[in-house]
Structure formats: structure tokens, C-alpha cells
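Hi,

Here is the structure I promised to pass on to you. Have a look at it first, and my notes on what turned up follow just below.

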Amino acid sequence: MRKTRLISQIIVYTLLLVGACFCLLPLFWLVRSSLMTSMQIFEMPPRWIPSPFRWENYVEALTTIDFFRFFRNTVTITLLCLMGALIGSSLGAYSYARLNWPGKRFFFGLLLASMMLPSAVTLIPTFIGWKFAGLINTYVPLILPIWFGSAFDIFLLRQFYASIPRDLDEAAYVDGAGPWTVFSRVIIPLSKPPLIVIGLFSFMNTWNDFMGPLVYLNEEKKFTVALGLQMFQSLHSAQWHLLMAASTVVILPVIVVFFIGQRYFIEGIALTGMKG
């Protein structure tokens, strides 16, 4: 039986390794192409290792247009959205999971129903609303909504908060604590894994967001990296080596953040009951 188990493990890990290689191949091709000339990228048979490594592609790609301004804009929006996601979603989830108020079940069902609406359905009415408010070409439409909580984030945190024993709340209430004290001193310290999951989701969604900035931003100086990359592609469509270099720099922060937080990501998904 031990030999059979060993063989089955070898087969499983081999299949997983082959699958991982297929998944990582586009990323490897992107990085490899960013260090070549345009002619070397399309050589047949393909050259897998750049020779020589053209690190100057990154310098040229980042200085052709003002990518540093785009990065600064994106970091500002991402940090504010990250704060809003953590604060707004955690407060909403705490209300649904631990507090009793009239109509809670109805509004929670309404919240879940809103997850079924594609974003394209609400795009036009939302744009008209922001236009009437005079906030087009500002970062407010990109930042403010997330401060009221995301339906998925609230649902995810609510599942975790509901699993925390209510004895902890009752002990705090006996000692004279109020709902805010219970939330800040009992619930939040126990919620590190799911909050990290929410932070990862918020970071990746905001950093990669293309439609939102495309709809609401008009001035080039306010563009994010997603719009900057699209503008770079339209200006340098034939210079594939520079486009690959710019794309590598844009996706690098997402990869780094995910690898740093992947352990907490898996742990948070497991603790919130979203496994399988």
C-alpha cells in the first residue's frame, strides 16, 4: 500500500507540475520577450532565453510616456480603495452577523441579489448619477463606492463573523462593552485572515481596473497604469519589446502582493466556509 500511495503521489505531483508549467508559460513568454528586440521575439524556431538581455527596454518603455505619474495615480487610488474595502465591508458584515435590527434578513437577501447584476447593467445609470453630481474626471467615482462596502466582501466577512462564538460578545457586554468595543476589540483582532483576503481582492481589482478609469477619467495626467498601458499600445503597437516591458512592470506589483499574501489568502478562504 505504501508503494501504491507513493506512485499515486508521484503521478499527482507530475500532473500538477505540468499544469503549472502551462499556466506560467504566458508569464515566462512575457518576461522573456521584454528582454529581446522585436525581431528576436518572432524568430522561428523561438528563442527561449534572451541573448543578450536588453534591460534598456524597461528604461525606454517607462520613459516614453509618463508611466511614473500613472503609477502614482494608481497607488493613490488603490490605497484609498483598500482602506475603504476593509472599513466599509467589515462594518457592514459585523452589522449583518452580530447585530439585530428590523429588516436585516431582507436587506441581506437584497445584498446577495445585487451580486447577480453584471456591472455593465449599472454602468450607464451610475455614470449619469456621477455626471449630475459634477464628479466626472475625478477619482471620487472610483474610490467612494467601495467605502460603502462590496457585496461579495460583506458576504465573505459575514460568513467568518458568524462562526465566531457569541460567548465572546456576551462576556464583553457583561464587562460593560458596547457594540463598537466588541467590534474593535473582539471581532477585528480575530479576523486577520479574511481581512487579508479582502485586501488582496481589493488591491488586485483596483490595480487592474480598466473600465472604471476609462469611463470616468478624461485628462491624461489623471490616468492609471491600465489606461497608460492602453495608450502606450496605441502609440507603439509595432514595438513589441517595449510593450512587453511595460506590461511586465504593470503586472509585477500584483504578482508580488499575491505571493506575499497567498498563505493568508488560502487560510482566509478556508475559514470563511468558501472551500470547494
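**Notes on the model**

Val215 is found in helix H12. Please keep in mind as you read that this is a predicted model. Leaving aside residues up to four places away in sequence, Val215 touches Leu123 and Phe127. The C-alpha atoms of Val215 and Pro145 are separated by 15 Å, and these two residues are 70 residues apart along the chain.

Next, the pocket, which may be of interest to you. The largest one has a volume of about 1300 Å³. Its lining is made up of 33 residues, and the closest to the pocket centre are Ser119, Thr122, Pro145, Ile146 and Ser150. Which elements give two or more residues to this lining? They are helix H4 (67-98), helix H6 (119-132), helix H7 (140-143), helix H8 (151-163), helix H11 (192-207) and helix H12 (211-216). H6 gives the most, with six residues. By class, the residues of the lining divide into 18 nonpolar, 13 polar and two charged.

I also looked at two helix pairs. Two packed helices are described by the angle between their axes and the distance between the axes.

The first pair I would point you to is H4 with H8. Their axes come within 8 Å and cross at roughly 50°. That angle makes H4 oblique to H8, and the crossing is right-handed. On the H4 side, the residues that meet H8 are Ala85, Ser89, Ser90, Gly92, Ala93, Tyr94, Tyr96, Ala97 and Arg98. They face Asp153, Ile154, Leu157, Arg158, Tyr161 and Ala162 in H8. This contact has nine nonpolar, three polar and three charged residues.

The other pair is helix H9 (residues 166-174) with helix H10 (residues 179-187), whose axes come within 10 Å and cross at roughly 125°. Is H9 parallel, antiparallel, perpendicular or oblique to H10? With that angle, H9 is oblique to H10. The crossing of H9 and H10 is right-handed. H9 makes the contact through Leu168, Asp169, Ala172 and Tyr173, while H10 brings Pro179, Val182, Val186 and Ile187. The residues of this contact divide into seven nonpolar, no polar and one charged.

Happy to talk any of this through whenever suits you.

Best wishes

Notes:
Residues numbered from 1 in each chain as written. Predicted model: local features only at pLDDT ≥ 70, side-chain atom pairs only at ≥ 80, totals over all residues. Heavy atoms only, no water. 1 Å grid on protein atoms, 1.4 Å probe; cavity = no way out; pocket = protein on both sides within 12 Å on 5 of 7 lines; lining within 4 Å. Points joined across faces, edges and corners; volume = space filled by probe spheres on them. Helix = DSSP H or I, 4+ residues; strand = E, 2+ residues; numbered from the N terminus. Nonpolar A, V, L, I, M, F, W, Y, C, P; charged D, E, K, R; others polar. Axes fitted to C-alpha atoms, helices over the stretch in contact; angles between N-to-C directions. Parallel < 35°, antiparallel > 145°, perpendicular 65-115°, else oblique. Left-handed = near helix turned anticlockwise from the far one by under 90°. Contact = heavy atoms within 4.5 Å.
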